[in-house]
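Please open the model in a viewer and keep the sequence panel beside it. The tour below proceeds by selection, one region at a time.

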Amino acid sequence: MMLSRLTFALLLGAGAVSAADAPDPLVARGQYLSKVGDCAACHTAEGGQKYAGGLAFKTPFGVIYSTNISSDKTNGIGQYSYEQFYEVMHNGNAPGGRLYPAMPYTSYHLITDEDMKALYAYFMQTKPAATPNRDNEVGFPFNVRTGLLFWNVVAHQDNAFQPDPAKSSNWNRGRYLVDGLGHCGECHTPRNTFMAMDESRYLKGAMIEGVMAPEITATELRRQGWTHDSLTRLLRKGYSVKGGVFAGMYPVVEKSFANLTDEDMHAVTSYLLDSDTPLPPPKPKQVTLDKRHPGYGLYRDYCAGCHGQEGQGKPNVTPSMYANSTLDQTTPTNTLAVLLRGIPAQSYSQTERFAPMPGYASELSEQQLADLVNFLRQTWAHQASTLSADDIKTLKQEIVEAHDE
């Protein structure tokens with residue numbers, strides 16, 4: 001009996017300790033929201049401590065380094081009041097000065113007060129990082145931060161998120177995640193004269209770091225044959241039957257979208273596809289390899305060894321050419337960018353990965369590149385691609401300039 005009572009008392013004590021150690025629901029929610037907002041991807045340098053900052057961003061005005069947003073009171077944001085945190089997230093106005101809009105407060109201002117308080121609670125208890133912030137490499141006059149006050153007046157509005165009453169709560173949740181926390185428009189919406197997002201071309205695609213962040217409007221995604229299942233798999237795993245992500249989108253999937261709950265993922269795909277219900281899979285397109293095409297021999301010599309003679313791809317090695325969304329984009333920019341620079345090896349899980357693809361910038365002439373791009377897009381995407389060597393030369397210059405910015 002004594003043993004039983006002792007055991008019972010110990011169990012009660014263990015229960016009390018467990019309850020005391022249980023995570024704060026507000027902090028747990030803030031941690032989830034920080035992943036949706038992709039905070040770690042931008043504020044963690046390669047090999048550095050999480051949230052310690054130091055990641056370089058090339059802009060047309062110079063190099064901007066992400067800041068330390070850990071709870072460190074000297075180098076991070078541990079000394080911020082909630083009001084200061086809110087002002088940074090909504091208007092880019094930090095205690096130490098105004099932030100460049102490379103920090104997407106132009107999207108984060110849509111975050112609700114409830115979610116903002118959860119984010120604040122989470123960041124105030126993150127592991128402190130005693131890492132000083134790096135000075136930005138921005139020349140005059142862009143290094144004069146008072147100019148950002150004028151920029152905010154003409155290019156930024158601190159508006160609250162307004163749901164569309166004509167749409168479902170699921171669709172509105174998706175829009176909130178895409179436009180606010182996910183800040184998808186920051187890459188996928190072209191910029192205007194003031195380098196602000198051009199709302200008249202919302203999600204129409206934009207060049208960034210030498211590749212095209214493709215158009216992701218519902219009209220374009222449906223034209224390409226995306227469904228809830230294929231879009232979910234892409235955002236969850238990094239690849240689907242439509243191909244895989246690469247360049248800047250790869251860490252976004254790994255550190256952000258892969259962490260979405262099933263409910264939030266469905267909300268995101270519902271908004272992007274403008275449909276709450278499943279869409280029928282597209283009908284397979286008839287593919288005929290024209291061996292007389294000037295690009296066929298190039299495909300056979302440079303591509304078929306990995307992607308297959310028929311373009312079928314190889315599991316855990318290379319994606320298929322069939323229904324490949326990169327080939328089917330309205331512009332050939334990314335197809336050419338991949339051929340020029342290749343793609344490093346990408347791992348999506350312990351058992352799922354793609355092998356590296358070499359670049360052929362030094363091996364293929366502009367005419368050969370034109371022939372190969374035309375063959376790929378005509379054969380598997382049924383795009384009326386008629387690029388010339390001069391077109392390739394122009395596109396190459398755009399890709400190089402965008403990569404060097």
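Buried means under 20% relative accessible area, exposed means over 50%, and partly exposed lies in between, with a 1.4 Å probe and protein chains only. This is a predicted model, in which local features need pLDDT of at least 70, side-chain atom pairs count only at pLDDT 80 or more, and totals for chains, interfaces and linings use all residues. Residues are numbered from 1 along each chain as its sequence is written, and side-chain values use heavy atoms, with hydrogens and water left out.

**The whole chain**

Begin with the entire chain, coloured by pLDDT, the predictor's confidence in each residue, from 0 to 100. The mean pLDDT is 89, and 92% of the residues reach 70 or more. Next, select residues 1-19: the pLDDT is below 50 there, and beyond near neighbours in sequence this stretch has zero contacts in the model. Contact means heavy atoms within 4.5 Å.

Return to the full view. The C-alpha atoms fill a box of roughly 85 × 70 × 45 Å, taken along the principal axes. The radius of gyration is taken over C-alpha atoms, and the globule rule is 2.2 Å times the number of residues to the power 0.38. For 405 residues, a compact globule would have a value near 22 Å; the chain has 24 Å, which agrees. Of the 405 residues, 48% count as buried. Among contacts with a separation of 6 or more, 63% join residues 24 or more positions apart.

In cartoon display, the chain shows 18 helices and eleven strands. Helices (H or I, at least four residues) and strands (E, at least two) are DSSP runs, numbered from the N terminus.

**The sheet β1-β2-β5**

Select residues 56-59, 62-65 and 137-138, which are β1, β2 and β5. These three strands form an open sheet in the order β1-β2-β5, with antiparallel pairing. Because β1 and β5 stand at the edges, each with a single partner strand, one side of each is left without a neighbour in the sheet. Two strands pair if DSSP finds at least two bridges between them.

Four bridges join β1 and β2, which form a hairpin with two residues between them. Show Phe57 and Ile64 here, as they are bridge partners. On the other side of the pairing scheme, β2 and β5 are linked over two bridges; Gly62 has Val138 in β5 as its bridge partner.

Move back along the chain to Tyr51, in the loop between α3 (39-42) and β1. Tyr51 is not a glycine, yet its phi is positive, near 70 degrees. Its relative accessible area is 3%, so Tyr51 is buried.

**Helix α4 and the largest core**

Which residues of helix α4 (residues 82-91) are buried? They are Tyr82, Phe85, Val88, Met89, His90 and Asn91. Directly after α4, Gly92 has a positive phi, near 70 degrees.

Centre the view on Phe85. Leaving aside neighbours within four places in sequence, Phe85 is in contact with Ile77, Tyr80, Met116, Leu119, Tyr120 and Phe123. A nonpolar core is a set of buried Ala, Val, Leu, Ile, Met, Phe, Trp, Tyr and Cys residues joined through side-chain atoms within 4.5 Å. In the largest such core, of 59 residues, Phe85 and Phe123 touch the most other members. Helix α6 (residues 113-123) gives the most to this core, with seven residues. A second, separate core of 31 residues includes Leu289, Ala304, Ile343 and Leu376.

**Tyr296 in helix α14**

Select Tyr296 in helix α14 (residues 296-302). Tyr296 is buried, at a relative accessible area of 10%. Apart from neighbours within four places in sequence, Tyr296 is in contact with Leu289, Asp290, Lys291 and Phe375. Add Asn374 to the view: Tyr296 and Asn374 are 78 residues apart in sequence, and their C-alpha atoms are 9.8 Å apart in space.

**Cysteines and Met195**

How many disulfides are there? With a disulfide taken as a pair of cysteine sulfur atoms within 2.5 Å, the count is zero. For Cys184, the nearest cysteine sulfur is that of Cys187, 8.6 Å away. For Cys187, the nearest is that of Cys42, at 8.3 Å. Cys184 is buried at 12% relative accessibility, whereas Cys187 is partly exposed at 34%.

Finish at Met195, in the loop between α9 (185-188) and β6 (206-208). Met195 has a positive phi of about 65 degrees although it is not a glycine. At 33% relative accessibility, Met195 counts as partly exposed.
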